[in-house]
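This report is for a reader who has not seen this structure before. Please look over the sequence and the model first.

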Amino acid sequence: MTVMEKVVAINRKAKHDYFLEEFYEAGIQLSGTEIKSIRQGKVQFKEAYIDFIGSEAFIVDMHISQYDHGNIFNHEETRNRRLLLHKYEIRSLKKAVSVKGYTVVPTRMYLKKGLCKLEIALAKGKDLYDKRQALKERDVQREIEKAMKVR
């Protein structure tokens, strides 16, 4: 049985700036009109990151635009939202983040069985030369595919 997933937003910058190592699926605690805006695809990860407060994980600075047909009870656009993860997942992520160079970044948001899910990744920051090397490899791969397609 396949589960239908509708991808709402992708953080392309994460793959460029970090080496993504482990992936986790997390639910998000939303309020009011936020899910309606998410279903319209009005989400941005531009400055978003995952922070640990006590024994809970939060996504900070993720922007969800206000719902068009909302009223005075519309949500705040960049509030901290709690992530729904198992305790052992939070502990392992916290331990990894305490090691120098690791961080947790959101990679994509999608709807699965009507629920909003966030894919997060344990990531290690890339240096400038790593980013340049990745760009060169991508360009070479694109040229190879172009040459194969023409013939």
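The text below follows one strand, its partners and its place in the core.

The model is predicted. Strand β9 covers residues 115-125, and 8 of its 11 residues are buried. The strands paired with β9 are listed here.

| Strand | Residues | Bridges to β9 | Direction relative to β9 |
|---|---|---|---|
| β2 | residues 18-28 | 9 bridges | antiparallel |
| β8 | residues 102-112 | 10 bridges | antiparallel |

β8 and β9 also make up a hairpin, with 2 residues between the two strands. Lysine 113 lies in that turn and has a positive phi of about 55 degrees.

Isoleucine 120 of β9 takes part in both pairings. On the β2 side, tyrosine 24 has isoleucine 120 as its bridge partner. On the β8 side, proline 106 stands opposite isoleucine 120.

What does isoleucine 120 touch, leaving aside residues up to four places away in sequence? Its contacts are Glu22, Phe23, Tyr24, Ile50, Leu83, Leu85, Leu93, Val104, Val105, Pro106 and Thr107.

In soluble globular proteins, nonpolar side chains tend to be buried together. Here, the largest nonpolar core has 27 residues, and Leu83, Met109 and Ile120 have the most contacts inside it. Two or more residues of this core come from each of β1 (5-10), β2, β4 (49-53), β5 (56-60), α3 (87-98), β8 and β9. The largest share, 4 residues, is from β9.

Taken together, β9 is a mostly covered strand that pairs with β2 and β8, and its residue isoleucine 120 is among those with the most contacts inside the largest nonpolar core.

Terms used:
Residues are numbered from 1 along each chain as its sequence is written. This is a predicted model: local features need pLDDT of at least 70, side-chain atom pairs count only at pLDDT 80 or more; totals for chains, interfaces and linings use all residues. Side-chain values use heavy atoms; hydrogens and water are left out. Buried means under 20% relative accessible area, exposed over 50%, partly exposed in between (1.4 Å probe, protein chains only). Two strands pair if DSSP finds at least two bridges between them. A nonpolar core is a set of buried Ala, Val, Leu, Ile, Met, Phe, Trp, Tyr and Cys residues joined through side-chain atoms within 4.5 Å. Contact means heavy atoms within 4.5 Å.
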